[in-house]
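Work through the exercises below with the sequence and the structure in view. Each task is followed by a solution in steps.

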Amino acid sequence: MVREAIRWLLSSLVLLFVVTVLTFVLVAMAPGDAAKAILNARSGGYTPQQYQEMRRMLGLDQSLPVQYWHWLDHLLHGSMGTDLFNGQSVTQALGSRIGPSLSVIVATLVVSGLVGVALGIVSALRGGVLGRLVDVVSLGGLAIPNFWLALVLVELFAVRLAAFPATGYTPFGTDPVQWLRGLVLPVLTLSAGAVAFIAKQTRDAMSDVLSQEFVTMLRARGLSTRSVVLKHALRNAAIPVVTLLGLLLVSLLGGTVVVEDIFAIPGLGQQAMTASASHDLPMIEGVAFLFTVVVVVTNLVVDVSYRLLNPKVRAS
Amino acid sequence: MTAIITSPETVQETGPAAPAPGRPWRGLLRQPLGLLSAGYLLLLVVVAAAGTLLTPRDPEADDLAHTLSGPSGAHWLGTDRLGRDVFSRLMVGSRPTLLGVAEAVLVFVVLGVALGMVAGFAGGRTDRLIARLGDLVLAVPGIIALLMVLAVFPDNNAAAMIAFGLISSPSLLRVVRAVTMAVRNELYVKAARLSGLSTPAILRRHILPRLAGPVIVQVSLFAASAVLAETALSFLGLATPETQGPSWGNMVGEAASVISVDPWLLVPTGGMLVVTVLALGLLGDTVHDLTVGRARGSAVRPVRRPRPAVRTAVAVAAADVAAAVADGAPTEQGAAAPLLSVRGLTIAFPSPEGEVTVVRGVGFDVARGECVGIVGESGCGKTVTARSLVGLLPGGGRVVAGSVAFDGRDLADPAGREVARLRGSRIGLISQEPMSGLDPSFRVGSQLAEVVRRHHRLTRRQSRARALELLALVELPDPASVARSHPHELSGGMAQRVSIALALAGEPDLLIADEPTTALDVTVQAEILNLLRSLRVRTGMAVVLVTHDWGVLADLCERAVVMYAGEVVEQAPVSDLYHAPRHPYTLALLAANPHLAAVGQELPAIPGTVPPPSAWPAGCHFQPRCGYATEECGAGAIPLVTVAGGHQARCIHVDRLEAAR
Amino acid sequence: MVRSLTTTRRQALIAVATAAVLGLAACSSSAKPPTQSGTGSGSAGGRVGGTLTVVTDVSPQTLDPAKAVQNDAWFTELAYEPLIVRHSDGTLVPGLAASWSYTGTGNTTFVLHLRSGVKFSDGSALTAQTVVDDLKYVVASKGQMAPFLAGDTFTATDPLTVTITAGAPNPNFPQLLTQDYVVGGMVSKAGLAAPTGLGTSTAGAGPYMLDAGQSVTGDHYTYVPNPNYYDAKSVSWHKVVIRVVSDVQSVLSTVQTGQADVAQGDPQTQVAAKQAGLTVASSPLLWSGVVLADRDGKLAKPLGDVRVRQALNYGTDRTSIVNALFKGLGEPTNQMTVPDGYGYDAQLNSTYPYDVNKAKELLTAAGYGSGFQLKIVTPDYQQLNILAQALKQQWQKIGVDLQITDDADANKYAAAAFGGAFPAFMTSFGAIPVWMEGPSLFMPTAAFNPLHTADANLTKLYNQEAVSSGAAQAALDQQIEGYLVHQAWFVPVVTTGLPYYARNTVSGISTSATEPLLDLYEVQPAG
Ligand code: SF4
């Protein structure tokens with residue numbers, strides 16, 4: 001167990017290192033830099049001297065390894081630098097954006113997990129017309145571009161019916177009811193695809209498990225369908241599904257960009273877009289670092305639940 | 001973009017179980033939706049390739065007097081902000097979109113297949129290295145990677161799509177690796193390697209063809225997500241600007257920008273996307289169904305009651321068959337009503353060509369406490385027959401005619417309620433593969449206790465105690481430790497003992513043992529047989545034993561039913577069968593039995609193989625392999641006739657057989 | 001719509017493209033009686049409403065008035081009282097300065113007399129020295145407006161008097177020091193001492209101050225009343241929340257659903273907003289069209305010939321374009337200013353009627369009867385990319401083949417357009433005082449003159465304008481505008497405004513030709 005933990009830690013560190021270095025290199029390779037972006041924004045034109053001066057001010061004139069070392073050094077001292085544009089600390093900026101993003105992502109996971117798994121089970125059990133229907137609905141869910149769906153939902157539920165707010169995010173601590181109401185439309189938007197994805201995968205996993213010999217034997221021993229399906233089959237089908245939920249979480253992490261944009265949710269996706277478009281290196285690094293940490297932690301959680309669910313892996 | 005889900009993995013942990021049927025394409029033709037999708041996609045490619053050749057109007061010609069006109073005779077899908085024809089622009093716009101998708105798919109396939117095959121084939125360190133690399137790429141948040149790539153190559157659609165293909169490829173890699181590994185380990189491939197076939201040749205000849213199905217599935221799903229990614233990027237203003245000509249993405253973007261003025265524009269543009277993604281998805285699904293196969297008819301699904309009309313038709317047809325085979329009922333039997341009585345049992349399975357009958361007109365009886373064996377080669381319908389007795393036919397199979405009476409109740413009732421009540425409590429089942437018959441996720445003790453509680457009103461504690469008793473009953477040396485184990489920690493013999501314990505938990509009157517020793521070592525086989533024999537003595541239960549081993553049969557059973565190609569060809573007390581077989585097939589089986597062959601004598605195998613149900617010959621099923629066959633044998637159905645007391649055979653040349661002896 | 005980049009893009013873009021968006025109105029004047037901002041619309045007196053929520057698609061890069069750009073004005077004007085206030089009717093009224101005037105002629109010495117007893121939100125007092133330090137900080141920060149103050153000397157001639165001695169004549173000090181150009185807002189001494197803090201907090205003497213605890217940078221900014229504000233009775237709200245919603249459609253739905261009272265809209269949603277029953281206010285603010293940057297024919301030889309540039313103007317069917325793309329949003333135009341803007345001359349609008357034959361004649365005369373290729377770069381905001389495509393179709397008829405490069409990334413567009421890589425580029429430009437327009441638009445060093453065309457006549461007129469005032473200045477403005485139109489340095493197509501939407505919960509939503517920007521602190525509770 002200890003060895004496993006050390007291995008996980010080491011591979012996580014390697015991943016973090018690789019991602020942050022790659023990010024540095026890519027940002028450096030990108031045409032244009034923060035100095036230009038700032039100068040363009042502030043005065044609409046600049047002399048080469050102004051540009052050089054701005055680069056010095058931002059520390060962009062140093063070599064890449066040196067810049068990276070500085071960044072790393074700061075990180076080890078608990079700081080991720082400051083936003084090049086408004087001087088806000090990156091840690092603080094990201095901190096304020098984790099809540100909204102996580103709310104949307106976790107709510108989507110819960111909704112799509114519950115609905116998707118339920119649909120998947122039902123369609124695996126019934127097959128036939130219903131199975132086909134779930135197939136088609138699933139595909140439909142995956143096929144509808146989510147920005148399109150978002151616009152339609154806003155028009156319908158916010159503008160026409162005034163049932164939910166069209167935009168914005170209320171922190172849970174401020175007003176739990178508003179928090180929930182604000183999440184409904186964004187989560188619906190994201191869940192359409194996610195439910196479809198999970199339903200399909202659960203259906204496949206479930207069909208796979210249900211066709212296994214032990215299921216027949218469980219029935220032969222007289223167990224109720226309920227126990228066979230909900231206890232035994234589901235427990236076994238959960239193994240691949242948990243992996244998929246992990247994957248879904250990782251993809252939702254970036255996939256919230258459009259939804260955050262349309263629903264004006266101050267999340268990480270938005271921050272990622274903004275930062276990368278303005279070459280705001282500390283912020284980009286911060287986002288990349290945070291995303292990678294989330295991915296690493298997600299993988300850990302998936303791995304642990306995998307072990308809990310699958311005695312074979314647990315033993316070895 | 002829907003969370004760009006970069007891994008449309010359908011084949012997760014397991015590779016495809018069965019080899020793909022030869023040509024999925026022919027199957028495709030039978031799937032209207034799949035065919036429609038393929039046709040649509042083909043049309044799309046033609047349209048994209050033709051460019052302006054096919055467009056009804058010049059896609060670039062503007063008409064400032066008629067902007068955002070909505071659909072009309074002149075403009076089927078309306079006009080855009082500059083009065084350009086939306087229909088023509090959608091046609092032309094398919095090119096950059098498809099091109100982007102093609103780029104992504106190319107990278108996806110090349111990387112996924114090449115690395116996956118290498119990893120799966122080479123195994124060992126190479127495999128681990130590639131797997132690590134794949135995990136690493138999968139761990140990179142996709143959107144960040146795309147943003148970075150677009151920052152380095154601004155407005156460059158190709159770069160973005162290539163990157164998208166790259167970061168998605170590990171999912172294909174995994175699938176290809178799994179399939180390659182599975183194929184590599186198959187006997188014929190091993191043989192090919194041993195015979196010196198070079199690695200590239202093996203990859204080309206044996207592995208690539210098997211990859212086609214799963215790869216096509218993955219590619220169509222990936223292509224669908226690539227279409228969405230391409231358009232989402234354009235929509236976000238990150239790639240394919242409108243001034244470079246129309247693309248689906250920038251058209252949706254444009255439509256979205258005028259949504260408050262003219263929502264119509266979202267319909268054709270968004271619709272095009274939805275239809276295309278749907279087509280790709282359906283194509284993938286269809287190919288998936290045709291190649292990998294979907295365990296559609298799962299064991300748990302309640303048997304659906306066939307619609308009356310159909311049922312009647314089938315029943316009538318079955319009745320004809322039953323009549324033709326003279327009911328197959330044993331003519332004489334002890335005075336006491338038998339425990340189990342099977343009559344005219346006919347079982348069919350669904351197939352793409354319609355239902356196929358695999359067991360026809362089977363009948364036999366089992367008295368209380370009696371042990372009856374069912375023998376025959378594999379593929380003769382023994383297992384199907386045994387499973388039908390507990391109402392657990394796999395793969396959508398169903399009893400289309402006949403009856404199964406157990407202690408006076410009809411178990412062949414299509415709703416299956418009766419048999420469901422008896423399963424476990426009065427009829428037990430043990431299977432061929434003891435290990436795969438146990439739920440891998442639960443401890444033995446808990447599985448056993450659950451079954452005990454199901455059949456007896458006991459507290460949790462009592463049922464745990466009873467579970468330990470049962471484990472002791474099947475002569476497991478350390479019941480407590482076995483109860484704490486997970487199935488994978490057991491040996492095959494232990495697992496089979498656990499299975500038996502599970503079957504005994506409800507104290508059944510009838511135990512159906514489906515080749516209970518086949519998968520075990522010879523010494524373990526003997527132990528299990530001893531156990532079964534002693535349990536019979538102790539519990540007095542009847543046993544139906546499916547086997548292809550004469551030794552086992554002789555050891556345990558009083559009577560035997562010989563099955564060939566879905567039919568009972570002979571049944572008799574075991575000793576009669578041994579000493580005076582009345583059917584050429586039984587004779588051949590006995591001759592091929594290792595237990596009976598004299599030492600040093602060459603084992604005569606029965607030439608030929610059991611024909612699949614679709615290829616059953618007219619008349620006697622055994623005719624192509626029968627040394628006694630004459631023309632008459634193929635003339636019509638052969639009846640089962642009583643040749644001696646309690647001895648029946650399905651052969652018109654019984655007398656010749658006797659003469660030969 | 002949905003440019004997720006809008007925040008960034010907008011920041012970079014309008015800042016760049018419309019080097020300055022505002023500031024029409026009567027030039028240099030302090031003659032108005034000292035009325036106070038807010039009290040103009042009588043009902044305000046002391047009535048305090050609840051929360052005002054406004055929404056915009058612009059996210060400020062920084063709240064520091066020395067570094068913020070004009071688009072960020074909403075975020076700074078609530079907290080930073082300017083020296084001079086631009087009232088919604090366009091007049092200039094006292095802010096922190098009770099009065100102001102030029103001394104002598106030649107527009108080189110400008111004196112401000114500060115209001116006494118003013119305190120900043122941090123409690124410190126307003127002194128002439130604070131103003132001097134602040135202006136120096138503005139110059140040192142090299143922000144958007146710094147060039148217009150660079151080279152000037154700032155002196156505190158007594159505790160409440162500031163004298164600005166201009167390095168070069170500047171007729172526009174009064175306009176420059178209003179809230180419209182952001183730098184007019186004064187920062188307290190403590191704020192100037194720790195300038196990095198100014199990015200995400202405020203230290204001004206305005207009616208409100210930022211409550212950082214209730215704000216999330218880039219998402220929403222909450223302002224609460226400044227207890228030290230000198231004119232407490234003009235504070236109309238307990239709280240003002242500015243929400244940033246980057247998607248313009250979502251901006252509309254936010255105000256439509258009552259989640260906000262006021263919105264800074266977008267031409268894309270203007271018509272829909274009106275249909276939805278919202279109050280829509282908009283006044284002309286921008287012209288959009290082509291900058292024919294290569295007037296010396298360095299990159300595209302044909303553009304060196306004035307007849308070719310005029311031909312392009314004749315070959316543009318402005319009316320059709322406006323009807324198709326800007327219906328209800330703007331008017332066709334021939335000039336680089338807006339109706340009633342600086343140097344506007346209604347007669348100039350008949351300079352280039354749509355006339356394909358005339359255009360062809362001119363091209364033939366210039367030796368390009370068989371046409372030529374012209375490379376152009378466009379951003380994709382303000383429908384400029386669509387406009388470019390419309391021009392491409394129209395100019396085909398006179399044989400000009402427009403080759404469009406579309407840069408969705410505003411920074412990349414800026415680099416291409418202002419880096420002199422293209423002979424022509426699409427742009428939107430705000431109408432501003434001609435003296436300020438020069439260094440941005442047409443003088444040899446202007447960003448919008450990337451190939452540095454120098455024209456002796458133009459320079460002469462400009463230098464005269466810089467030292468003039470009153471009617472003479474207005475006449476010179478028109479002369480300069482006319483010169484630019486006739487020399488055809490540009491192909492302006494349409495003038496548009498910036499729309500504001502409001503629900504009936506508020507009043508005071510008005511803009512005018514002379515103040516096309518809505519001032520937030522003038523918004524009152526309705527009724
Ligand atoms: S009926 Fe004919 S073919 Fe069939 S077993 Fe008898 S002899 Fe052989």
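**Exercise 1.** Is C:His452 buried or exposed, or partly exposed?

Solution. Step 1: take the cut-offs, where buried means under 20% relative accessible area, exposed means over 50% and partly exposed lies in between (1.4 Å probe, protein chains only). Step 2: the relative accessible area of C:His452 is 49%, so C:His452 is partly exposed. Step 3: place C:His452 in the loop between α13 (434-442) and α14 (456-466) of chain C; helices (H or I, at least four residues) and strands (E, at least two) are DSSP runs, numbered from the N terminus. Step 4: note the backbone, since C:His452 is not a glycine and yet has a positive phi of about 55°.

The model is predicted: local features need pLDDT of at least 70, side-chain atom pairs count only at pLDDT 80 or more, and totals for chains, interfaces and linings use all residues. Residues are numbered from 1 along each chain as its sequence is written, chains are lettered from A and ligands numbered from 1 in the order in which they are written, and side-chain values use heavy atoms, with hydrogens and water left out.

**Exercise 2.** Find the loop that holds C:Ala488 and classify the residue by its accessibility.

Solution. Step 1: the loop runs between α15 (470-487) and β18 (490-497) of chain C. Step 2: C:Ala488 has 1% relative accessibility and therefore counts as buried. Step 3: the phi of C:Ala488 is positive, about 50°, although the residue is not a glycine.

**Exercise 3.** Describe the surroundings of C:Ser121 and of C:Leu160.

Solution. Step 1: C:Ser121 sits in the loop between β5 (109-114) and α3 (128-141) of chain C, and with a relative accessible area of 16% it is buried. Step 2: apart from neighbours within four places in sequence, C:Ser121 contacts C:Ala203, C:Gly204, C:Met209, C:Asn226 and C:Asn228; contact means heavy atoms within 4.5 Å. Step 3: C:Leu160 belongs to the loop between β6 (153-158) and β7 (161-165) of chain C, and its relative accessible area of 26% makes it partly exposed. Step 4: with neighbours within four places again left aside, the contacts of C:Leu160 include C:Leu112, C:His113, C:Leu126 and C:Ala128. Step 5: the C-alpha atoms of C:Leu160 and C:Thr127 are 5.8 Å apart, although 33 residues separate the two along the chain.

**Exercise 4.** How many helices and strands do chain B and chain C have, and what share of each chain is buried?

Solution. Step 1: chain B has 22 helices and 12 strands, and 56% of its 661 residues count as buried. Step 2: chain C has 15 helices and 21 strands, and 67% of its 527 residues are buried. Step 3: among contacts with a separation of 6 or more, residues 24 or more positions apart account for 69% in chain B and for 72% in chain C.

**Exercise 5.** At what angle do α14(B) and α17(B) pack, and which residues make the contact?

Solution. Step 1: helix α14 (residues 444-455) and helix α17 (residues 492-504) of chain B pack at an angle of about 20°, with their axes 9 Å apart. Axes are lines fitted to C-alpha atoms, for helices over the stretch in contact, and angles run from 0 to 180 degrees between N-to-C directions. Step 2: α14(B) and α17(B) are therefore roughly parallel; angles under 35 degrees count as roughly parallel, over 145 as roughly antiparallel, 65 to 115 as roughly perpendicular and the rest as oblique. Step 3: B:Val444, B:Gln447, B:Leu448 and B:Val451 of α14(B) meet B:Val498, B:Ala501 and B:Leu502 of α17(B). Step 4: by class, this contact of α14(B) with α17(B) has 6 nonpolar, 1 polar and no charged residues. Ala, Val, Leu, Ile, Met, Phe, Trp, Tyr, Cys and Pro count as nonpolar, Asp, Glu, Lys and Arg as charged, and the others, Gly among them, as polar.

**Exercise 6.** Which residues surround the ligand, and how do they divide by class?

Solution. Step 1: list the residues near the ligand, that is, with a heavy atom within 4 Å of it; among them are B:His583, B:Cys620, B:Gln623, B:Tyr628, B:Cys651 and B:His653. Step 2: the shell around the ligand divides into 8 nonpolar, 3 polar and no charged residues.
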